[in-house]
Amino acid sequence: MQGELTITADMEELSNSLFLDTVPESWTKRAYPSMCGLAAWFVDLLIRIKELEGWTSDFILPNVVWLSGFFNPQSFLTAIEQSMARKNEWPLDKMCLQVDVTKKNKEDFNSPPREGAYVHGLFMEGARWDTQTGMIADARLKELTPAMPVMFIRAIPIDKQETKNVYECPLYKTRQRGPTYVWNFFLKTKENPAKWTLAGVSLLLSG
């Protein structure tokens with residue numbers, strides 16, 4: 001106010017971002033991909049920090065892992081393959097992930113699995129998951145990104161991977177897709193997988 005401090009370009013950018021509820025570019029360069037406004041982004045950041053603090057306090061795998069809360073979810077999925085390969089002395093390059101969608105929510109699990117991990121926090125875009133049939137189904141009106149139930153992820157040899165009546169569904173961090181690609185999950189389908197490919201069906205780590 002007294003003219004002793006000049007407004008720099010960075011300070012002006014931060015001020016504009018606060019006013020427009022957008023995440024400053026200087027923050028996004030160091031953060032995870034997100035399409036949220038500043039307020040929602042900050043709330044999400046606090047939840048991620050709390051999740052990691054709870055995990056690192058005892059270094060025990062949570063009953064159900066919040067996959068969306070990782071800065072680099074690929075590392076966690078790769079670790080599932082590595083631990084299984086090491087346990088059974090299987091070559092890592094001959095491993096893949098088996099994904100089974102449960103009918104339960106996070107609160108229904110009292111302990112982690114003996115192998116692999118239960119994960120939550122995923123959403124589906126372009127379709128929905130039918131818990132009754134255990135398969136992909138057409139999306140309902142006004143349901144853009146319905147939440148997925150808890151998913152059980154474990155590693156198996158590639159030659160045991162089921163390839164019939166499944167859709168190779170890509171997983172992305174955000175609706176931006178492209179550079180936010182994470183993995184491919186094989187999900188059961190009664191329809192021809194080409195239908196879901198043409199519909200652009202994918203899994204997202206943020207709804």
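User: What makes strand 2 stand out in the lining of the second largest pocket?

Analyst: Strand 2 gives four residues to that lining, the largest share. A strand here is a DSSP run of E of at least two residues, and a helix a run of H or I of at least four, both numbered from the N terminus. Strand 9 also supplies at least two residues, as does strand 2. This is a predicted model, in which local features need pLDDT of at least 70 and side-chain atom pairs count only at pLDDT 80 or more, while totals for chains, interfaces and linings use all residues. Residues are numbered from 1 along each chain as its sequence is written, and side-chain values use heavy atoms, with hydrogens and water left out.

User: Why is this space called a pocket, and which residues lie nearest its centre?

Analyst: On a 1 Å grid over the protein atoms alone, a pocket is an open set of points with protein on both sides within 12 Å along at least five of seven lines, whereas a cavity is a set where a 1.4 Å probe fits but cannot get out; lining residues have an atom within 4 Å of a point. The second largest pocket has 14 lining residues, and Q98, V99, D100, F186 and K188 are those nearest its centre. Its space comes to about 170 Å³, a volume being the space filled by probe spheres set on grid points that are joined across faces, edges and corners.

User: How is the lining of the second largest pocket divided by residue class?

Analyst: It holds six nonpolar, four polar and four charged residues. Ala, Val, Leu, Ile, Met, Phe, Trp, Tyr, Cys and Pro count as nonpolar, Asp, Glu, Lys and Arg as charged, and the others, Gly among them, as polar.

User: How many cavities of 30 Å³ or more does the structure hold, and what lines the largest?

Analyst: There is one cavity of 30 Å³ or more. The largest cavity encloses about 50 Å³, and its lining consists of E51, L52, W55, P62, V65, W66, G69 and F70. Helix 3 (38–56) and strand 1 are the elements that give two or more residues to this lining. The largest share, three residues, comes from helix 3. By class the lining has six nonpolar, one polar and one charged residues.

User: Why are strand 1 and strand 2 placed at the edges of their sheet?

Analyst: The open sheet has four strands in the order 1-3-7-2, with mixed pairing. Strand 1 (65–66) and strand 2 (95–101) each have a single partner strand, so one side of each is left without a neighbour in the sheet. Pairing requires that DSSP finds at least two bridges between two strands. Strand 1 and strand 3 run parallel and are joined by two bridges, so they meet that requirement. W66 has H120 of strand 3 as its bridge partner. Strand 3 (residues 117–120) and strand 7 (residues 151–157) pair in the antiparallel sense over three bridges, and the partner of A117 in strand 7 is I153.

User: What makes both faces of strand 3 count as covered?

Analyst: Buried means under 20% relative accessible area, exposed over 50%, and partly exposed in between, with a 1.4 Å probe and protein chains only. A117 and V119 on one side and Y118 and H120 on the other are all buried, and both faces of strand 3 are thus covered. Across the protein chain, buried residues make up 38% of the 207 residues.

User: Which helix lies across this sheet, and at what angle to strand 2?

Analyst: Helix 4 (residues 73–88) lies across strand 1, strand 2, strand 3 and strand 7, at about 115 degrees to strand 2. Axes are lines fitted to C-alpha atoms, for helices over the stretch in contact, and angles run from 0 to 180 degrees between N-to-C directions. Contact means heavy atoms within 4.5 Å.

User: What is the order of the strands in the sheet that includes strand 10?

Analyst: This open sheet of four strands has the order 4-10-8-9 and mixed pairing. Strand 4 (123–125) and strand 9 (181–188) are its edge strands, each pairing on one side only. The twist averages 35 degrees from one strand to the next. Strand 4 and strand 10 (residues 202–204) pair in the antiparallel sense over three bridges, with S202 in strand 10 as the bridge partner of E125.

User: How do you know whether L144 is buried or exposed?

Analyst: L144 has 70% relative accessibility, so it counts as exposed. L144 lies in the loop between strand 6 (135–137) and strand 7. Leaving aside neighbours within four places in sequence, L144 is in contact with M124, E125 and G126. L144 and M124 are 20 residues apart in sequence and 8.1 Å apart in space, C-alpha to C-alpha.
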